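Hi,

Here is the structure I promised to pass on. Have a look at it first, and then read on for what turned up.

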Amino acid sequence: MGSQTRAALQKQSLLWFFVAVSQCALVLSCQPNYEYFIEELCLTKFKLDMQGLDQRYWCSWEDTVELYGELTNCTHMVAGRLDCYWPNRLVDEFFIRVHKQYFHDCSMSGRLLRDPPNRILGPFIVVPILVTLLMTALVVWRSKRSEGIV
């Protein structure tokens, strides 16, 4: 490896180091204020809105999409006012806490989890049982019929 290549790699490594440090400084410079404001402004309103919604509808995306969107926009606006980078680690941790508190029992699709009605569930239970019995009877009948043939 030539000295020019080594020098170029060192410059590139140094550049990446400064980019990483500047991004960390950007996030850390607003950390105490940003975290405080999103908790006080955004989360407080979201909590009140979610308390106004019946808890059985918390997993219904149709019922919570507007509230969740307002929460997201609030964190983005606060970041803009404080000259913070958005999204950042604090926002990620904030939304993880929100999900653990409000959406921990929800499915990935956002739909309410419940059993299907019996008219749908019944055939899924009965048909495999009938096919199994029919196949067993067919195998027994065929094995008895072919015993004499060799």
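**Disulfides first**

The disulfide between Cys 42 and Cys 74 is left-handed, with -80° about the S-S bond. It links distant parts of the chain, since Cys 42 sits in helix α2 and Cys 74 in helix α3, 32 residues apart. The two sulfur atoms are 2.0 Å from each other. Before you read too much into any of these numbers, please keep in mind that this is a predicted model. Cys 42 counts as buried, because its relative accessibility is 2% and the cut-off for buried is under 20%.

The count of disulfides comes to two. The other pair is Cys 59 with Cys 106, with an S to S distance of 1.9 Å. Here the torsion about the S-S bond is about -85°, so this link is left-handed. Cys 59 lies in the loop between α2 and α3, and Cys 106 in the loop between α4 and α5, so the disulfide ties together parts that are 47 residues apart in sequence. Cys 59 has a relative accessibility of 16% and therefore counts as buried.

**The overall picture**

The protein chain has five helices and zero strands, so if you trace the sequence you will read α-α-α-α-α. Of its 150 residues, 20% are buried. Take the contacts between residues with a separation of 6 or more: 72% of them are between residues 24 or more positions apart. The accessible surface of the chain is about 11,900 Å², and carbon and sulfur atoms hold 63% of that.

**The core**

Which residues touch the most other members of the largest nonpolar core? They are Tyr 34, Phe 46 and Val 98, in a core of 22 residues. Helices α2 (31–52), α3 (61–81) and α4 (89–102) each supply at least two residues of this core. If you want one residue to click on, try Val 98: leaving out residues up to four places away in sequence, Val 98 touches Leu 43, Phe 46, Leu 71 and Phe 103.

**Salt bridges**

A search of the whole structure gave five salt bridges. Three residues, Lys 45, Asp 49 and Glu 70, are linked in a network, so that is a good place to start.

- Asp 49 pairs with Lys 45, with 2.7 Å between the closest N and O atoms. The two are four residues apart in helix α2, so about one helical turn separates them.
- Lys 45 also meets Glu 70 in a salt bridge, at 3.2 Å from N to O. Since Lys 45 is in helix α2 and Glu 70 in helix α3, this pair ties together parts that are 25 residues apart in sequence.

How exposed are the members of this network? Asp 49 is partly exposed, with a relative accessible area of 24%. Lys 45 is partly exposed at 43%, and Glu 70 is partly exposed at 32%.

Another of the salt bridges joins the side chains of Glu 93 and Arg 89, at 3.0 Å from N to O. Glu 93 and Arg 89 are four residues apart in helix α4, so they too are separated by about one helical turn. Glu 93 is partly exposed, with a relative accessible area of 33%, and Arg 89 counts as partly exposed at 40%.

**Helix α5**

Now turn to helix α5, which covers residues 118–145. There is a nonpolar patch on the surface made of Leu 121, Ile 125, Val 126, Ile 129, Leu 130 and Leu 133, with about 530 Å² of accessible area together. Val 126 is found in helix α5. Val 126 is partly exposed, with a relative accessible area of 43%.

Pro 123 also has its place in helix α5. What does Pro 123 contact, leaving aside its neighbours within four places in sequence? The answer is Asn 118 and Pro 128. Pro 123 counts as partly exposed, at 41% relative accessibility.

**If you only have a minute**

Look at the two disulfides, then at the network of Lys 45, Asp 49 and Glu 70, and then at the nonpolar patch that includes Val 126.

Cheers

Key: Residues are numbered from 1 along each chain as its sequence is written. This is a predicted model: local features need pLDDT of at least 70, side-chain atom pairs count only at pLDDT 80 or more; totals for chains, interfaces and linings use all residues. Side-chain values use heavy atoms; hydrogens and water are left out. Buried means under 20% relative accessible area, exposed over 50%, partly exposed in between (1.4 Å probe, protein chains only). Contact means heavy atoms within 4.5 Å. Accessible areas come from the Shrake-Rupley method with a 1.4 Å probe; for residues, only the protein chains shown count as cover. A nonpolar core is a set of buried Ala, Val, Leu, Ile, Met, Phe, Trp, Tyr and Cys residues joined through side-chain atoms within 4.5 Å. Patches are made of residues with over 30% relative accessible area and no salt bridge: like charges are joined within 9 Å, nonpolar side chains (Val, Leu, Ile, Met, Phe, Trp, Tyr) within 5 Å. A salt bridge is a side-chain nitrogen of Lys or Arg within 4 Å of a carboxyl oxygen of Asp or Glu. A disulfide is a pair of cysteine sulfur atoms within 2.5 Å.
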